[in-house]
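Student: I should like to learn how to read a protein structure that is new to me. Could you guide me through it, one feature at a time?

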Amino acid sequence: MGRRTSGRGKPGASSQALGTVHMIPGIQAHGYRLRNGLEVWLLPDASVPVVSYQTWFRVGSADEMRGKTGLAHLLEHLMFKSTENRSQGEFDRTVESCGGETNAATWTDFTFYHDEIPYTELDTVMALEADRMSHLRLDEAQVASEKDVVANERRLTVDNDVDGAAREALYALAFGAHPYGWPTIGSMEDIEGFTVKDCEDFYVRNYSPNNAVVVIAGRFSVGEALRGLDVHYGDKPAVVHGARAKRGAKPISGSRAERIKLPTHTERLLLGYHCHPGAHRMHATWLVLNELWFGGRSGRMFRHLVRETEAAVDADGFVTPFRQTGLFEICADAREGVSASRLLALMDEQMEATVNEDLDGETLERAKHRLELSHTVGFETAHGRAEEMGFMAAALDSPHLTSERMAQVRAVTARDVRKLVWDRLLARGRAVVMVTPS
Amino acid sequence: MNGTCVQGQGFETASTDNGIRFVVAPDASVPLVHVRLVVFSGSAADSDRGAGCSYLTWRWVRCGPEGVDEERANAYFDRLGARVSVNVSSSYASVNAVVLSRNLEGLMSVLGTMVERPALRDVDFEKLRREMVAQVRALADDDRALGTRAFRRALFGDHAYGDPVAGTAASLSGVTPDEARTCHSRALFTGNMIVGLAGDVTLGAAGTLLNRYLGRVPEGPRQPYPVGEPKGRTGRGVTLVDKPERSQSQVFVGTLGMRARDPDYHPVLVANTGFGGTFTSILMQEVREKRGWSYGTSSGLGSDERRDAWLMWSAPSTADTVDCVTLMLNLYDRWRARGLSEDQHAFARAYLLKSRPFDVDTCAKRLDLLMDEAVRREPLGAYLEFEQRIESVTRTRAQKAVAKHLSPTDLCVVVLGDGALRSPLEGIATGGAVERFSFDTFV
């Protein structure tokens, strides 16, 4: 719970420097903290004609309560409605009249808003974002209409989508009562039940300068940006927040398995293993393992399941970069006539082989090169750079990781990978979801 | 290098010694190079050899150069920090790559041989075909992809634009290795391709590499476009793609659009932007903001050598489907008859002008615009005239262009959803007949 307070000290031009992070050669991020606690990262680049303006709040679906799942996400939608100073639709109209685009996203540990604008419009968007950070105004009609939109989003991404429904089951199984176990979009029952007061309370509790990170990337000067931030955000009061709840996920003991029936022709297998938090240095080893198994067409697991045995249409892995214990997700879609049990047996063989066989240095290097490429490609756009910094700073409280993660990846050894597979995959429990045609 | 070295705004172009045109968009801000090897022959030529033949052919090419198996080729690309993919559309096929710039020569040495002299082993063909058939069958789980296939079939009928680029399980099964080899050899001529590089590379360095690694591409002219104009369909046809256990429908409403090089293309683009191209557009406001009927909704204008589709899309709940289709049709009728208001027109035009920097803010995006121009036989750098073309569009011109090109009566309505929708949809179709297909007809 939080409550609004007056700012500590006089808000003004002074801000505390947080240092400079060298993200990749040629791209630096300069950090500051305003007096009211607003954290700011500035990534100037005079060579592009645009600016990406991102506001990250340190709140996500993990900060909800059971029975109110999906509230962080619904509020994200409502943030585009009206404020005390701007009428409904004015936000979108103003951004688009500048030629900009605006959108937002919510996940377990964050909610973020981004505006992609021509560089001449920085002040316009700064005023808009500062306004909705503390002056949102909601009414019954807006909330009712947006609940319908979100219900349709849920139908689109979960209820009528085999992958979405299967992943929802996997997370519930892997995390149980932990907040990571419920869907960010929320249950249909919870979505339908939200009131204006629910939304307002959540907003007041979580939206404040000292619970946010603003990232600006693109063509602007640091001095100009800091002056603008001071003008638009400087008088906003900080809010006293309790520390973010840190509830460890209950370890998976043995194998938690579930078979679900969905409208599909073929079987599907999803596995989930608890992995290290996103800020932990071992996260890099998980990334390397995932690349070794599922990176491109030469990844061990992909190659074996899709090309060599022709048991699967596709096989993929993903390491969630969660603030707390995360999930290493594996998903494989069976070809016709192949069972999910068969896929599981094939995967288990490959896991055993990863531990028992020598991992040659060249294979490991290839995986690292692929990760380096993905990492570098992510920095091509102002939006990509800002998103990397915003996520690391807001969700993981670790802005320096934008420069250190690749060094951590490069330091991973074959022994590290084998040990990880043994310690965290073979010797511990897992969540298993098998999808069969209904 | 041969030919004239032309320096445009943000790009340079020249030809290799054997006559392959190439373009470089230099930008050293990030240590990457993007590569596009584009051949001006795509899936529009597949009607004689089976839908999906071009895509299967170029994925087969991607398996590696002669003398190297797929596993070794993939390992080599990975070692370089390179990602290589294939893209096929109706008008072209391209091999795309991105690589850490320090390894550009290593990439080009394999990429060049792979395109010029691919391995094309029968064993890879059969394996790849089985994989692609499985992927197409898996589309049965993707409602939007299925609905798009059904819409294009309904609108274009037997024309090649009605065939899915990736083919169907049946059409892929009919393609032979020899047909695929012919597909490759008939496309690869110096005059029928263009190469683009963007990023941390110079024109001189690119020319040296291309002369070295694409020097054996046979000389020959650009191939003629293989198909004529589609006819579309007459009347308002309604198709129901019956998929059980749906609580939500996918709705597609559209008609024939226009050629990419039509002088009216930009006027219609402005009008469409105001109708369904932004978050504040008419469609979004009426369907999502006022009624909450769909999470997303939009309209779009295809661009190709022949007339492609103009299309609206939304995804309402089953209960709201018929009302949503009716609303979309009414909005279309009103927009087509009256056009945008002065304010809406000015807003749409300003949006297109001011948002243009996002289409050109990276060298890879500029390269893709240049490659599109080459495919459309436009002068390279035509994208630099975009602002001028949009500025010249008046409200009257936009309205007339919409009225001229988009039919008031010949519309395709395709709904993928619950079979029970058939009866209520009958009120929308000309003559009251709703064509019904099972969803797996389209894979």
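Tutor: The discussion below treats the contact between the chains, then salt bridges, and finally one helix.

Tutor: Please bear in mind throughout that this is a predicted model.

Student: Let us begin with the interface. How many residues does each chain give to the contact?

Tutor: Chain A contributes 56 residues and chain B contributes 56 residues. As a general idea, the size of an interface is often expressed as the accessible area lost when the parts come together. In this case, about 5,200 Å² is buried between chain A and chain B, and 52% of that lies on carbon and sulfur atoms. Three residues, A:Glu96, A:Asn160 and A:Leu373, provide 13% of the area that chain A buries against chain B, more than any other three residues.

Student: How many salt bridges and how many polar contacts cross this interface?

Tutor: The rule finds 13 salt bridges across the interface of chain A and chain B. One of them joins the side chains of A:Lys81 and B:Glu289, at 3.1 Å from N to O. Between the two chains there are also 32 residue pairs in polar contact, with both residues at pLDDT 80 or more.

Student: Which elements of chain A give two or more residues to the side that touches chain B?

Tutor: They are α2 (90-97), β8 (111-118), α4 (140-159), α10 (300-308) and α12 (361-377) of chain A. Sorted by class, this side of chain A has 15 nonpolar, 16 polar and 25 charged residues.

Student: Let us turn to salt bridges in general. How many are there over all chains?

Tutor: The count over all chains comes to 64. Two questions help in reading any one of them: where the partners lie in the chain, and how accessible each partner is. Consider A:Asp397 and A:Arg58, whose closest N and O atoms are 3.0 Å apart. This pair links distant parts of the chain, 339 residues apart. A:Asp397 lies in the loop between α13 (382-395) and α14 (401-411) of chain A, and A:Arg58 in the loop between β5 (50-57) and α1 (71-78).

Student: Is each partner buried, exposed or partly exposed?

Tutor: A:Asp397 is partly exposed, because its relative accessibility is 38%. A:Arg58 has 12% relative accessibility and therefore counts as buried. Both residues belong to a network of salt bridges that links A:Arg33, A:Glu39, A:Arg58, A:Arg323 and A:Asp397.

Student: What does a salt bridge within one helix look like, as with A:Lys197 and A:Asp201?

Tutor: Both residues lie in helix α7 (residues 196-206) of chain A, four residues apart, about one turn of the helix. Their side chains meet at 2.7 Å, N to O. A:Lys197 counts as exposed because its relative accessibility is 54%, whereas A:Asp201, at 31%, is partly exposed.

Student: Which pair in chain B could I compare with these?

Tutor: B:Arg49 forms a salt bridge with B:Asp46, with the closest N and O atoms 3.1 Å apart. B:Asp46 has 2% relative accessibility, so this residue is buried.

Student: Finally, how does one read the two faces of a helix, and which residues of α15 in chain B are buried?

Tutor: One looks at where the buried residues point around the axis. In helix α15 (residues 395-405) of chain B, the residues B:Ala398, B:Ala401, B:Val402 and B:His405 are buried. These residues lie on the same side of α15(B), because they cover an arc of only 100 degrees around the axis. The face turned away from the buried side carries the exposed residues B:Lys400 and B:Lys404.

Student: What covers the buried residues of α15(B)?

Tutor: The cover includes β9 (250-256), α9 (265-276), α11 (321-338) and α12 (342-354) of chain B.

Notes: Residues are numbered from 1 along each chain as its sequence is written. Chains are lettered from A and ligands numbered from 1 in the order in which they are written. This is a predicted model: local features need pLDDT of at least 70, side-chain atom pairs count only at pLDDT 80 or more; totals for chains, interfaces and linings use all residues. Side-chain values use heavy atoms; hydrogens and water are left out. Contact means heavy atoms within 4.5 Å. Buried area is the accessible area (1.4 Å probe) that two parts lose on being put together, summed over both. A salt bridge is a side-chain nitrogen of Lys or Arg within 4 Å of a carboxyl oxygen of Asp or Glu. A polar contact is a pair of N or O atoms within 3.5 Å; within protein, one must be able to donate a hydrogen and the other to accept it, and residues adjacent in sequence count only if both atoms are side-chain atoms. Ala, Val, Leu, Ile, Met, Phe, Trp, Tyr, Cys and Pro count as nonpolar, Asp, Glu, Lys and Arg as charged, and the others, Gly among them, as polar. Buried means under 20% relative accessible area, exposed over 50%, partly exposed in between (1.4 Å probe, protein chains only). The arc is that of the directions from the helix axis to the C-beta atoms.
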